[in-house]
Structures are given as structure tokens and as C-alpha cells.
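Please open the model in a viewer and keep the sequence panel at hand. The tour below proceeds by selection, stop by stop.

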Amino acid sequence: MTSNGALSTSNPARTALVPTNNVTTLDGVTTVRARIDPALTVDDVVKQLCLNLKIKDPPANFALRDETDELVTNDNLRKKIKGKVNLKLVNAPSREARETAFKLSQRNERNLKITLFALQKFIREEQFAQEFINHDGLQELVSVIYDSNGNTLAYALTAMQNLMELDYGWTTLDNEFVFKVVQILASPNSLINVCRPATAILKKLVEADPMNAPGTLVGSSRSPPLVPPGSVYRYGFQVVFEQMRKEKKLLETVVSRLGSADTAMAQYSMMLINSLLTHADDFWWEEFIEELERLNVRKAVIRLMSLHIMEDLTSCILDFQANIVRVTYRKKITLVDPETERSHATALAYIWASSGLEEGVDDQGGLLKWRQLGFETEDMVQEFSEVGVLGLDSLKKFVETDPDFPKLILEQLSRSPERRCSIAKASNEVVELLSDHWAIFAPGYSTSTAFQPFFLDFCKVHSLATRFFLRMWTESGAATEDFTRVSALVRSQIKAALRSENVRPWHEVEHDFNEQEYRDVRDRQMKELELEDDLLSKVPVRNLRSKLYKESYEFVKQQRIQCLLQGAWFVNALPQSSPREPTRRPGRPWRFMRLDTGSKYLHYVDSAVKFPVRSGLEDLPERIDASMISEIATGTCAPPPNILRDENGLPPTSPLIPSPLSFSLLSAHDGSLADLIAPDQSRWADWTDGLNMLRRDGGHVASKETASFVQALTEIGLKIKLLDLSGEKVEIPSGLVAGPPPTNTDFFFSDLL
């Protein structure tokens, strides 16, 4: 019996005190019943247990764990006591770490798997990890990765993956190690359970970019920030991609695994691709994107979109979609420069060769080449200035997929100049129309909440729409001055043909573009014009909308994150399980959760009833590491049966049927970190989108409410701006044409009054 009754161990016959927990001793044979005072620290509890059990070794050598091997700490001790959790007296993490590092150095094949299996769990604990690293455990673990295979390698890689969740201790991993992981991942013979942690390790290395280091401010300098000594933020895209280039089959293997029957493997592969796309630097960007396009990664993702069994991949697919918006925008703003960019010159040479035309001379004796294809000048830099490389790639793809391209050119050239449809100009106009339809305004801004498979097939849709443009030109008997009118017809058709693209089959889109008659398109457009103002389709207004769209997105993002900082009550829910699995009832039905000001942790408390939560974190003893959240899955869980029947704050739903207001915080390898139900639609949108916007590799919007909010703010802002102009009776032109440059430098800019 301990002094002051703080802790006692006994058998039932000797005491009337009610034990709080059963404690199994180190030998695993003896179980004692103990009454633990929740006011004690864990160190004091262990000291009293060692004293009562007459253990001669120092108490510092021991610790307490529960039956799942979770370490008992001062933060969770009260929870374990209240829950009457069975505990085990075990080696302290520091002692376990020293023994584990020693066992790895001995490389006993009989016990190696057991040691690595235990290491997977313990390495996440900071006390264990620090001691493990101090005793050269990391070097021994790397050595095991180099020399092992099969399940042993899988355990070793998973242990490394878990170690890398800490923001210290793995700065000694060098290029040789990175290349070893690349080789493991690239091998078609690697087991699934080996590939999963290998993929996660590469992803972590990509994200350990100096620009991502805590406290790093993005300045005007293009040079990378200095890496502080001991910081793990010393790797990044460039370090990983340089090793990937040595193993040519790696990206091909990763893309092929998107079709894996193992959902987790497909998810890990998608997350790695997303991470690479998010962090790709300028130096390797073009080569990386070209390689992904060559491997048809978009086609692989479109296939995943059509597989409804892949619910776990929804968030990853939306992230990929947002990344492709960034890629498309970057291509659009990248100038075409055939003088310095070999790929641009090659694409232009292919387009010209496919036309079957010969260079000529115009009436003034100037070169007549590109104007025969419908460009207005011979300057390709100027002609593609608005659509960039995206326009060049789209035109090249149009030429590649249309065997009648030479006939189209000859057909237009056979007409009088005022009746010709400028094919190249039409192609660029379609690029602008599609960019406007899919809101390709700026990198990082994507509010689509649904799959957009047609967007991922941008060039294919562009080819269809360009042929439609040419057909409308011919059927309407258009002349040069009718270009804007035909463009408006195509805009209307794009909107109609690409509606509901997440559920619409491709053959219907093809039918709409290939078979729709001019009269039907014109009639529909006239009805649309009755409801719309032609002013909104003008280029300056579209540019203004894109600027306001970015501002609206940032405003909504800050509002959502502010909601996370304020915190909210949720229902602790039941995740969906198979019929064979027992229903797990949460101990307490309510959870209050709040994001800390550093945006690193979600702090929470579980409670039987709602209560006023003070500001700050004093009332929130538990926490979730926000960096562990790899996905926010929605519609995943149901309210506990018979617990909250009388609560008015609970959304109405049947027991064990997923609530539409439910969401789960998922970790890539730990499963669900939290399963919650929001009290209303507004709170659900605030938190699901706020958490998505926090993720470094995310950024997509999950709720229609947030997407509509961004769009509404954009339209309101646009109308306010236009009211200012209309009040002053300012005429907005359809486009701006730059005048000729000055003939000399004998001028100056006057001060505006």
C-alpha cells in the first residue's frame, strides 16, 4: 500500500478499495489490481508500482502502456483511469530504444522481423525516437533497408516512414538512400506492402523542401532559403527528381499502380504524383510534366473517376484535378518562343509540315507563311501571347488528330479573304473559351467539387470545339467581322455540351459538337442572351472576373480557417464497418475541436454533454497532428445508435446509415483519426473545406456551399465594378489592340495629375 493512499495494489480479499485498473507485470504472467490516483504523474505511478511489486531496477527503466501498446503519458493518464483500461508495466521508451538499436546492429535473422515489427509502432514516440537516433539506430535501420527484402524490408520501410513523421532526426539520409528507395519502388517485383511505405517516404522527401520549413517567408529572391543546421527541410522536389531520373521506369511504374486492385497502393501512388506536381521546381518542371503526359497519367485518373468502388480516392483525385488546373494555367502563361525553346520550334515545324503548304510572298513582298494557316501576323510569339504553350499544344494536337487538316486549310484558302475562317485564330479562341469555362484563372485556385474528366482531356475537347467552330462558320455564312458572333455560338455550345461532366458519357459530348445544327444552337443562344448581358463575355470583363475570383477564394479560405480557430462541437460518429465487425460505440457522444494558432494541431475534448469551452486550449487536453491528415473523406459515418435520440442538435438520420454531414480525418497508414458529424450544413462546409485548404498537397474544395460562396462573391464584386463604369458611361471594348512602338527613344512619361 502506498503512502497517503495514492496508489494501491491488492487482491480483492484484502481491501475494500475499488481498483481502477488491472496492471500486468513485465514478465507478462502476473496481473495485479491497482487503484491509481489521477492526481499523480505517470512517473510517480510507475515508482509506486515498482515499490509495491518489489522491483529492484530503477523506476526510470519502466513505463506503462495499454493493451494496444499506446504509451501512457501525463496527458492521457486520467483518460486511461476513467476508462478502466488494462495496463502493462513495460520497458521505458528510452530503454526499449537502446535495446532495439542494439538488436538491429546484431542483425539476428531469427528476431529481426519481430524487432522491426515493434519498431514500426514505437518509433513515433518522441522519447523512443530521440534515444533510438542517439544510439545510431537510424544508421542501422538504413543498413537493414539496403540488405533486406520481402516482409523484413516492408517492416523496415514502414518504420522509416513513421520516423519521418517527426520533424527531426533524419537529416543524415543522403542521395544514395533516396536512390535506393527509388529503385525499390521502380522494381515491378516489389511487394505491395513494400511499395506503400516506399512511396510514402518519397512523398515525405519531396515535401521536405526548404520553402516548406516552418517560419519560411516567400520573398522576391529566387534563390532557395538557407537550411538551418539539423533541419530536415533540406530535400524537396529537385533532390528526389534527380534520383528518379536515374531510374527511367519509376514514373511509369507509379502511374501503372494507379490501376492497382489494392486501393491503398493506388492512393499512395496518387498522393506521390500530387506531391510531385505541387512541388515541381522551374528547372525540372517541363521535363517532369512532359514525362507524365507521355505516360498518359490523365487517362489513368479518368479511369479511376469511373470506378465507383474507389471512394477512398475521391480527395486524391480532386487534388490531382486542382494540380492539373495549375499545370494548365502555367502552360497558358508560358510564352511561345521558338528561337530559344527547341520543343516550341519542333511543334511549329510539325504544324507547318502537316499543312502541306509552301511559303509564299505577299503583295508587299513580305514572307507569307503562317498567315496562310489563319494567323494575323508572321510573329508566333505575338500570335500565342494570350494562350501561350497551351494554345500551341492544343493546335498541334488538333493537327495530329485530324487527317483532313490539309483539306481544311485548302478549303479556307479557296474562299475569298473576307469569307475565310482563320483556323489558327479559331483554335486560340477555343482555348480561351475552355479556360473560361473551367475557370483556369490562377495556380492554386480550384473550387470544383465534382470530377471533371473532360477537363483532364482538354486537348480532345479543344479539337471537338475547334471543328464545331469551323462548322458554325460555314453553316452561318460568316465573314471576317462575324468572328465574335461565331465565338459566342461556340461559347454557348461548350456550356451546353460540357454540362454535368461528372456523370455525362463522352459519346453525348461528341454528338453535341458533331451533330448539333446551327439553327438549334442559335435558338438556344438567343434565349441565353435574353437572360445574360453581352458585356460579361468581353475580354476585359473576363480578366476582371479572374482577378476578383482569386481575391474571393483567398477571402473564403481565411474565413474557413477562422472557423477552425474558433472551434465547434461535433458528434462522435461510427465509421462504416462490415457486417462481421462489431459496432464500436464512442465512449462520449460529443467532441469539441479547435485548431491552434500555429495551424499544427487540432485540439479536442470528448464529453458526455456540451459545455461552454473557454478560449485557448486549456479545456482541450487531446490533440491530432494536422500534418498526419492525408484526406478528408465525407459521408463516411453514422451517429451512435440510441445515444443521441433526444438531442435536437443532431442532424436527422437513421441509425448506422451514413450522415450527409459526416466526415472522417484519414491518415495514409493509420486509418481514421476522427469520425465526426457536423451539427449543420454550414459547419460541415466550414470544416471540410477549411481542413482541405490547410493541406500542403491539397487545396481543392469539397462542398458546393463553399464553391457557390466563392462564385457569388466574384459575381457581386464584378457587378459593383461594372456599376462604377456604367455610371460613368464608359464603353468597354471587346479587346485591346496595342499601337505601334515609338520610332525612337526621344520621349518621357508625364506625371499624372
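Begin with the whole protein chain, which exposes about 37,900 Å², with carbon and sulfur atoms supplying 51% of it; accessible areas come from the Shrake-Rupley method with a 1.4 Å probe, and for residues only the protein chains shown count as cover. This is a predicted model, in which local features need pLDDT of at least 70 and side-chain atom pairs count only at pLDDT 80 or more, while totals for chains, interfaces and linings use all residues. Residues are numbered from 1 along each chain as its sequence is written, and side-chain values use heavy atoms, with hydrogens and water left out.

**Overall view**

Colour the protein chain by secondary structure to display 28 helices and 16 strands; helices (H or I, at least four residues) and strands (E, at least two) are DSSP runs, numbered from the N terminus. Of the 753 residues, 49% count as buried, where buried means under 20% relative accessible area, exposed over 50%, and partly exposed in between (1.4 Å probe, protein chains only). Among contacts (heavy atoms within 4.5 Å) between residues at least 6 apart in sequence, 68% join residues at least 24 apart.

**Helices 1 and 3**

Select residues 42-52, which form helix 1; its buried residues include Val 42, Val 45, Val 46 and Leu 49. Also buried in helix 1 are Gln 48, Cys 50 and Asn 52. After helix 1 comes Lys 54, with a positive phi near 60°.

Next, select Thr 100 in helix 3 (residues 93-106). Is Thr 100 buried or exposed? Thr 100 counts as buried because its relative accessibility is 6%. Beyond neighbours within four places in sequence, Thr 100 is in contact with Thr 115, Leu 119, Phe 128 and Phe 132.

**The nonpolar cores**

Show Met 160, Leu 202 and Phe 288, the residues with the most contacts inside the largest nonpolar core, which has 144 residues. A nonpolar core is a set of buried Ala, Val, Leu, Ile, Met, Phe, Trp, Tyr and Cys residues joined through side-chain atoms within 4.5 Å. Centre the view on Leu 202: setting aside residues up to four places away in sequence, Leu 202 touches Val 178, Val 181, Val 182, Leu 185, Val 240, Leu 250 and Leu 272. Then select Ile 561, Phe 592, Leu 602 and Tyr 604, which are included in a second, separate core of 31 residues.

**Thr 278 in helix 12**

Move to Thr 278, found in helix 12 (residues 263-279). Thr 278 counts as partly exposed because its relative accessibility is 25%. Its side chain is joined to that of Asn 323 by a polar contact of 3.2 Å; a polar contact is a pair of N or O atoms within 3.5 Å, and within protein one must be able to donate a hydrogen and the other to accept it, with residues adjacent in sequence counting only if both atoms are side-chain atoms. Add Arg 326 to the view: its C-alpha atom is separated from that of Thr 278 by 8.7 Å, although the two are 48 residues apart along the chain.

**Arg 504 between two helices**

Select Arg 504, in the loop between helix 23 (483-497) and helix 24 (506-515). Arg 504 is buried, with a relative accessible area of 12%. A polar atom of the Arg 504 side chain lies 2.6 Å from the backbone oxygen of Ala 497, and a polar contact of 3.2 Å joins the side chains of Arg 504 and Glu 508. Residues touched by Arg 504, not counting those up to four places away in sequence, include Phe 454, Val 509 and Asp 512.

**The seven-stranded sheet**

Finally, display the open sheet of 7 strands, ordered 12-11-10-8-16-15-13 with antiparallel pairing; two strands pair if DSSP finds at least two bridges between them. The edge strands, each pairing on one side only, are strand 12 and strand 13 (631-634).

Start at strand 12 (residues 622-625), where Glu 622 and Ile 624 make up the covered face and Arg 623 and Asp 625 the uncovered one. Strand 12 pairs with strand 11 (residues 601-607) in the antiparallel sense over 4 bridges, and Glu 622 is the bridge partner of Tyr 604. Strand 11 is in turn joined by 6 bridges to strand 10 (residues 590-595), running antiparallel, with Arg 594 opposite His 603.

Cross to strand 15 (residues 662-667), in which 6 of 6 residues are buried. Strand 15 pairs antiparallel with strand 16 (residues 671-677) over 6 bridges; 4 bridges join strand 15 to strand 13, also antiparallel. End with Glu 631, which stands opposite Leu 666 in strand 15.
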